[in-house]
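Trainee: Could you take me closely through one part of this model, the way its nonpolar side chains are packed, and then follow that theme into the helices?

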Amino acid sequence: MVIVKKYKDASKRIFRTLKDLLKRGVDYARSFKPLFVPMRYRQALELERLRSASLLTPWGCLTNITVVIVQFGAVHDVGSRSYHIELLTGVEVISLLLLGLSFLLYKILRSSESLSTARYYRIVLQGLTFLLGMTWASMPFTLFLHANADMRVVIACICAGLIATSIAFVSIRGVTAAMAMPIAISSGITLWRSGDSAFVWLEVALAIYTAFILVVSWQVRRLMDRFNLIRIQQKDQQETLQLFLGKTEKSVLSWIWETDEKGFLRFVSADLAAALHQDVSKIENQPMGEFLQRFAEKSSANEERLSQLQNCLDAAIVFRDVTIALQLDQQIQHWSIAGRPLFDEYARFYGFRGLASDITAELIAHERASFQARHDALTGLPNRYAFDEALRQALSELGRFAKPFAIFCIDLDHFKSLNDRYGHNVGDHLLRAAARRIAAVIGPDDILTRFGGDEFILLVNNLNIPQIENLANAMIGAFSAPFLIGEESILLSLSIGISLAPAAGDSVEALLSAADLALYQVKENGGCSWCFFEAAFRYQVEQRRNILRDLRTAITQKSLTLVYQPVVDAHTLSLRGFEALARWHRPGNGPVSPDKFIRLAEEAGLIKILGAWILEEACLAAQRWPHSLFISVNVSCGQLYEPNFVQDVQAILSRTGLEPGRLELEITESIFMDAEGVSFGILRALTDIGVRIVLDDFGRGFSSLGFLKDFSFSKIKIDTGFTRDMMHDRRSAAIVRSVITLAGELGIVMTAEGVETNEQLTILQRYGCTQVQGYLFSVPLAEKDIKGLLMSLRQDGASAYKETYMFEQR
């Protein structure tokens, strides 16, 4: 068993050894396979071979010149003297020709001559080398058989050395064999003819030696080619990498191309050919400029860029990102072409290498991004960035050529209310439609911009004041027709503030500020109009700023006061409650209208603090009154929509201890224009905690019977104007009577404000009004005066209220 195992192990080792030998033999055989050189590198490799030949050939030539002199001195006694002279002369002349050729080739390779010229010298080099080998080959035939034994050894050594010398021509294919083979063949034939067995064996050794020289020269040349090819490829990769690094966009797919020194395409990548829908063979060897011209779109810009590219090719200078529009497959594609000139180590230009990139998608994306960066996404109008550029350009022309212009600050009236009521989708449609209407009436050189929200800015050039007025009126008139958004018909109006340059200012900030001030003045006057900026507007704004500063201080220091106007039963004239009214006496300026400082508080974001203080002060006062009396507090739109308003009301009721049923919150109809669905949700939450909701100033704002249908109000208060006018205006009287009847049918308390005469009271009683308030009964009272009023009522009874506190008899 041990013997069998050892036999098997030995067999395996032998098998592995044979397998390794076979593999090495195959690898060795493959080493004789010609080195594959890509087409694009063949010219560069051929140049390297010739360059190596120009450096090695002189050494071979010098060796032959020296050896022929040695030979002449060593064996001059053998054979005829004339032959020795002829051999010496032939070898010297051919060697000198080869030497001169090598120096000439070296010079050619450093010059700007073409590769084809250098190839002719290669053919001459091969021929001269073969001629040198044939010249030396004559020596064994002529001298060996006539020489003695010693001379024969010298001749054989010289022949062997000459065969070895041929390795100096290894860089050029076939040159080593061209010199070595004639000498080896001649020596072999001569040794065979000698008939001496020793010389026959010497012939075999010489054949082996010659084969060794040829095989080694083959492998050395192959190694030199591989080394040069690797070096060429590395240089190519470095130059290509430089091209890629020079690109601004790394994500764009690029294709490689190359030209020769005359500008003819010598290499294009397969991907580039596919992109052009052409075969590689049809593209190569064509002038690059003419080839691109065939596909280029016909335009002046394209012609200019093609001319620029051709100039760079002719001048052998770097070019980058030359964009050419090409007509390919019935589509326009934009290609970016970059190229670098190629120079060898002697600074000789031998062509271009570059990249071609399809940047169509990139260009479209860039144009889209540029458009988006300068235009409003919703309306497509130029945005503030683009407008600022146009305005600065207009200011520059104003300074240089004295060309005046105007700025229109445009705002859509009540847009926020409409946007909240109908939703943002309808609001977006309104903004787009409004932008189209404005754009339809302005001039082609005017620049309309959306600044954000519902604010538009218009830059108008080359118009005089009458023309500007006509344009403003045309814009107002363009909004007279309603907007049809889906099934909704919506009326919208404009307010326009206008600043004129240079009258209103000579800077971007001054002109925009002036137009904004003019717009504010239009808004103050009710909107749906326009006006020019006036210097007095700045004073008004400054005054408003001062009032706001003092109001902020008054709210912080709680220096505002509350007064309370009695609300009376219309039939019994008994006291039912009070309406709390805020008053502010501005130090050094006197009283300020509540409408004014409440609006300022809303604009400045102070309404939450002010409203909470008013509500808590009123609830504290009511807590000290009889439980039969209610307290009514006005709530503004801004206050109602403050976050956690319902929770704040609950907290105030909890802190003051007032029963929720004694608190009435008065709201106006404008609340429902701001956000109908949200409003009803907040109001229902307030009624859930027991607070009563009063619809104030009914008929003055955006009256709608739908409000009464959708929400159960505790009370309706008819506007003071109707109460005042019903005595002499039949229409007002009819409205008051109808509203009172409607409230009675709905079971809602009806309060008439502004009752100042007995005649008004009598009519309201006849119509069936529930409650009344006004100067007929009392001016608003301070809290300390209410205490005396309540004591008198407890002493004299409710019926004595009229006689005690009716002011018309005083």
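Mentor: In this predicted model, the largest nonpolar core has 81 residues, and those touching the most other members are Tyr564, Trp625, Ile631, Leu663, Leu665, Leu686 and Val772. The element that gives the most to this core is helix α20, residues 607-623, with 9 residues. Trp625 deserves a closer look: once its neighbours within four places in sequence are left aside, Trp625 is in contact with Tyr564, Phe578, Phe630, Ile631, Arg662, Ile786 and Leu790. Separate from this core is a second one of 38 residues, which includes Ala53, Val75, Phe144 and Ala184.

Turning to the helices, α10 (residues 288-295) has Met288, Gly289, Phe291, Leu292 and Phe295 as its buried residues. These cover an arc of only 160° around the axis, and they therefore lie on the same side of α10. The general background is that an α-helix has 3.6 residues a turn, so residues three or four places apart point the same way.

Helix α13, residues 384-401, can be followed from one end to the other. At its N-terminal end, Asn383 acts as a cap, with a side-chain oxygen 3.1 Å from the backbone nitrogen of Ala386. Ala386 is itself among the buried residues of α13, together with Phe387, Asp388, Ala390, Leu391, Ala394, Leu395 and Leu398. At 1.5 Å a residue, the 18 residues of α13 should span 26 Å, and the 25 Å between its end C-alpha atoms agrees with that. Just after α13 comes Ala402, which takes a positive phi of about 60°.

Technical notes: Residues numbered from 1 in each chain as written. Predicted model: local features only at pLDDT ≥ 70, side-chain atom pairs only at ≥ 80, totals over all residues. Heavy atoms only, no water. Core = buried A, V, L, I, M, F, W, Y, C linked by side-chain atoms within 4.5 Å. Buried < 20%, exposed > 50% of the residue type's maximum accessible area, 1.4 Å probe, protein only. Helix = DSSP H or I, 4+ residues; strand = E, 2+ residues; numbered from the N terminus. Contact = heavy atoms within 4.5 Å. Arc of directions from axis to C-beta. Expected span 1.5 Å × (residues − 1). Polar contact = N/O pair within 3.5 Å; in protein donor to acceptor, adjacent residues only side chain to side chain.
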